[in-house]
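Welcome! Let us take a friendly walk through this structure, one group of residues at a time.

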Amino acid sequence: MPASIHRFAKILYGFSPSFIHPLRQYQRRLGRTCASPFCKDTSLQDDKTVQAAGTLSRYMDRPLDYLESEEYINKYGASTVWAGYRRNHKGGIPPQRTRKTCTRGDKICGNPCPICRDPNIIIHHQNVKLLQQFISPHTGLVYDSTRTGVCMKQQKKLKEAIRTAQDHGFLLSQIPHVEFSGEDFSNSSGAVGSTPPPPYLSSGDTWYNWYSHTMCLPAEQEVAKVRKSYKAYLK
């Protein structure tokens, strides 16, 4: 009995190239080429990728739904998306500017900015809850990228989205209030005061004292010197 089994195995091994190869191609078409746990992990990763792509496309249509979802609350809670971000840099002094972009082609660099690290965060002028996280509630100005850690590319998109949201009325533009008392400040200073009345004038006197100095005629001797100097040019 063992000899017959051994002989049958040799015959099957001889026909294996022509019999097993089409079977393996058929299994590859069905996606069941390997039964090892590594292949199962690969299939699970593919399923997660497809699921993440579906989630991303769902938030792409309505980006403001992500900030109200349970996924966002479990990840960030009540804090902003940039609250716990720390950028890696050389030395003890951080650079004065953030990186230009977090993407190099199709790949994302290490430790990306708070917006590039989460693909569900989409900058849009209607996503008011996200834009308010990057605006100071006291001054109404956009936070600098060195404070939030956002790269320069996303910072530019943020400013454009905030400007568009303010133009469409989704965000309020804070203008400082200046109270006007109604007082006339034109005569408060002596330099801009009203012209004093002219003094009492007698015949032959000028309006102001300095006006007599400017209007006085030169002496005859001075006129004679000038005429003698420019005698050749005078006709």
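In this predicted model, a good place to begin is the salt bridge between K129 and E68, whose closest N and O atoms are 3.3 Å apart. K129 belongs to helix α5, while E68 sits in the loop between α3 (37–61) and α4, so this pair ties together parts that are 61 residues apart in sequence. K129 itself is partly exposed, at 45% relative accessibility.

How many salt bridges does a search of the whole structure find? There are three. Another one joins D118 to K75, with the closest N and O atoms 3.5 Å apart. This pair also links distant parts of the chain, since D118 lies in the loop between β2 (107–108) and α5, and K75 lies in helix α4, 43 residues apart. D118 is buried, because its relative accessible area of 2% falls under the 20% cut-off. The remaining partners to look at are D65 and R62, whose closest N and O atoms are 3.0 Å apart. Here D65 is partly exposed, with a relative accessible area of 29%, and R62 is partly exposed too, with a value of 46%.

Now turn to the aromatic rings. Searching the whole structure gives three aromatic pairs. One of them is Y66 with Y72, an edge-to-face pair with 5.5 Å from centre to centre and 75° between the planes. Y66 is buried, with a relative accessible area of 0%, and Y72 is buried as well, at 5%. Y72 also pairs with Y76: the ring centres are 4.9 Å apart and the planes meet at 40°, so this pair is tilted. Both Y72 and Y76 lie in helix α4 (residues 70–76), four residues apart, or about one turn of the helix. Together, Y66, Y72 and Y76 make up one aromatic cluster.

Our last stop is helix α7. Its 17 residues (152–168) should span 24 Å at 1.5 Å a residue, and the C-alpha atoms at its ends are indeed 24 Å apart, which agrees. Which residues of α7 are buried? They are Q154, Q155, L158, A161, I162 and A165. Viewed down the axis of α7, these buried residues fall within an arc of 125°, so they line one face of the helix. Their cover includes α5 (128–132) and α6 (145–148). On the other side of α7, K156 and D167 are exposed. Just after α7 comes G169, which has a positive phi, near 90°.

Note on methods. Residues are numbered from 1 along each chain as its sequence is written. This is a predicted model: local features need pLDDT of at least 70, side-chain atom pairs count only at pLDDT 80 or more; totals for chains, interfaces and linings use all residues. Side-chain values use heavy atoms; hydrogens and water are left out. Helices (H or I, at least four residues) and strands (E, at least two) are DSSP runs, numbered from the N terminus. The expected span of a helix is 1.5 Å times one less than its number of residues. Buried means under 20% relative accessible area, exposed over 50%, partly exposed in between (1.4 Å probe, protein chains only). The arc is that of the directions from the helix axis to the C-beta atoms. Contact means heavy atoms within 4.5 Å. Rings of Phe, Tyr and Trp (its six-membered ring) pair if their centres lie within 6.5 Å; planes under 30 degrees apart count as stacked, over 60 as edge-to-face and the rest as tilted. A salt bridge is a side-chain nitrogen of Lys or Arg within 4 Å of a carboxyl oxygen of Asp or Glu.
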